[in-house]
Amino acid sequence: MGESGRKKSVELPANITVRDLAQAVNASPIEVIKVLMANGVMANINQLVDFDTAAVVASEMGYEVTLEMPDVEEEKETGEIPFWRRLIADEPQEKLRPRSPVVTILGHVDHGKTTLLDAIRKTNVAAGEVGGITQHIGAYQVEHNKQIITFLDTPGHAAFTAMRARGAQGADIVILVVAADDGVMPQTREAVAHAKAAKVPIVVALNKIDKPNADPERVKHQLSEVELVPDEFGGDTIVVPISAKQKKGIDDLLEAILLVADTMTIKANPDGRVTGTVIEAELDKTRGPLATLLIQNGSLSVGDVVVVGEVCGRIKAMFDYRLRPIRKASPSTPVSVMGLSDVPAAGDVFQVISSEREARQMVVERQQMREKSSASPKAAITLEKLFDQFQSGETRELRLIVKADVQGSLEPIISSLKDLSSSEININILHAETGNITENDVMLAAASKAIVIGFSVQADSAARNLAEAEGVSIRIYDIIYRMLEDIEKALKGMLEPEERQTVIGHAEVRAMFRIAKYGMVAGCRVTDGELRRNGKLRVLRAGQVVYDGEVGSLKHLQEDVREVRQGFECGVAARNFDAFVTGDVLECYIIEKN
């Protein structure tokens, strides 16, 4: 007791080690362990105990305990603020109530995601629903230990990241399905990168343990290599062995989800501002636009006016995941709704507005903003701009996605990049993998405000187009030290404007002929864009670059020309290269400075 006769107060987090708890209540760890033992909890000095257990100990030692809420401003600076906390940032704390966890399932193709979703659905079918749920709305709920869990039936990590890119995030917890006979695969690593970038906790479902060639121990070690250290190895990742096919371990998996949810203290205000995410949407021939909405704060009712992206409407009818009509739905509930003016995009955030007039006005404003922004494409987040953000205190980390040609290059690059991290600026490698730069990499970068760095790889045209639309910077290097030098210079604010390659056209080689002055010349037809006399030239053979240099000569009907456009034929000579083959693709590009 304090001098005033009142209890001293202490703020404790959702989880705390015995050592830190002892420090918080000015006691020795031995004293804390004794109190824990007296309350039936056996714990060592480094073990985590939850808030409720810590509160009992602190109370017995004369303290009034409150739950510590992380400093939202600090979280904003570091980019650490969880999505669900942003949703309720403006809600009165006393109105917040626990809500059901929302779960999505990610993993490598053929590792059993769909089978697991079906197994969970069928083991939780309520009495009277013989034959299971044949129709579904892209999400469903199950009950375990009298607690509800909401599952999203979304198609993989690309959709998960697309939601983040639109400012939403459907799931609170990710289940990562890994096959015990196959182990960690490229898509598994991608899924981990996407979940970690979203700062969503991961529970691993170790599937196919019934197979004779299953090797769970090998897979657990592989998981440790992607920074998912199983709890039995002293890490904080729960790994649950299951067989989705035989429906074994499903209850254990549901138990693990609830355990992780308890540590997160996920909350919402059922009476607050109504907002959430579109899970999926379609145009039904008889019922018009149908959308599956996941309510994340507030309660949605029939008759509410909803705005989602550039779509609005008054809800005429609402159905639960079993397609039964309902009038009202609370947080974490997935519902199918009718009454929207058009089909919204999956991943868009919806909100309830007081009147249809106000809703229509919001839609018009959003359409005008889109037209204005489409006229001027998004400016890419470059290394130079990131340094300005470091200086102004907007961000404290440089987020990178690293792609390299081979594993032997990737490992030293990651190691060297981590060495560049400093106390002021942290380098956060969201995803590192071998292979060319893909749309998935760009989508992750767009959602996470990251830069894509490539070493001896190419970015496919779809990835480049998406990068331009989303304002993502892609930098490709052939020499490791140049890459590291650029990043180091960026961190010190000394980087010169970046030189960017822009592809302006392609041509197909149809014939070759020799000219005394130039040697072998390629007779081509321009298939898209244009070829320019002052442009750079790449010769692609079966997708591989066999020459990268300059245009030596460009002729059309024996005349020297400055450019040749799509659909026309031309003769092209390259500087210091004449080994053209019929079928080669010529790629013309220019170098621009950002």
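Modeller: A word on terms before we start: axes are lines fitted to C-alpha atoms, for helices over the stretch in contact, and angles run from 0 to 180 degrees between N-to-C directions. Bear in mind, too, that this is a predicted model.

Colleague: Thanks! Are H8 and H14 roughly parallel or roughly antiparallel?

Modeller: Helix H8 (residues 186-197) packs with helix H14 (residues 439-448) at an angle of about 10°, their axes 10 Å apart. Angles under 35 degrees count as roughly parallel and those over 145 as roughly antiparallel. Therefore H8 is, with respect to H14, roughly parallel.

Colleague: And how many residues of the contact of H8 with H14 are charged?

Modeller: H8 brings Glu190, Ala193, His194 and Ala197, while H14 brings Asn440, Leu444 and Ser448. Those residues divide into three nonpolar and three polar, and the charged ones number one.

Colleague: Nice. Which strands are the edge strands of the open sheet of six strands?

Modeller: The order is S7-S8-S6-S9-S10-S11, with mixed pairing. An edge strand pairs on one side only, which here picks out strand S7 (139-144) and strand S11 (239-241).

Colleague: Which strands does H8 touch where it packs on the sheet?

Modeller: The direction of H8 makes about 170° with that of S9. Besides S9 (173-179), H8 touches S6 and S10.

Colleague: Last one: is Pro201 buried, exposed or partly exposed?

Modeller: Pro201 sits in the loop between H8 and strand S10 (202-207), and its contacts include Val260 and Met264. Buried means under 20% relative accessible area and exposed over 50%. With a relative accessible area of 28%, Pro201 is therefore partly exposed.

How values were computed
Residues numbered from 1 in each chain as written. Predicted model: local features only at pLDDT ≥ 70, side-chain atom pairs only at ≥ 80, totals over all residues. Heavy atoms only, no water. Helix = DSSP H or I, 4+ residues; strand = E, 2+ residues; numbered from the N terminus. Parallel < 35°, antiparallel > 145°, perpendicular 65-115°, else oblique. Contact = heavy atoms within 4.5 Å. Nonpolar A, V, L, I, M, F, W, Y, C, P; charged D, E, K, R; others polar. Buried < 20%, exposed > 50% of the residue type's maximum accessible area, 1.4 Å probe, protein only. Pairing = 2+ DSSP bridges. Lists of a residue's contacts leave out its neighbours within four places in sequence.
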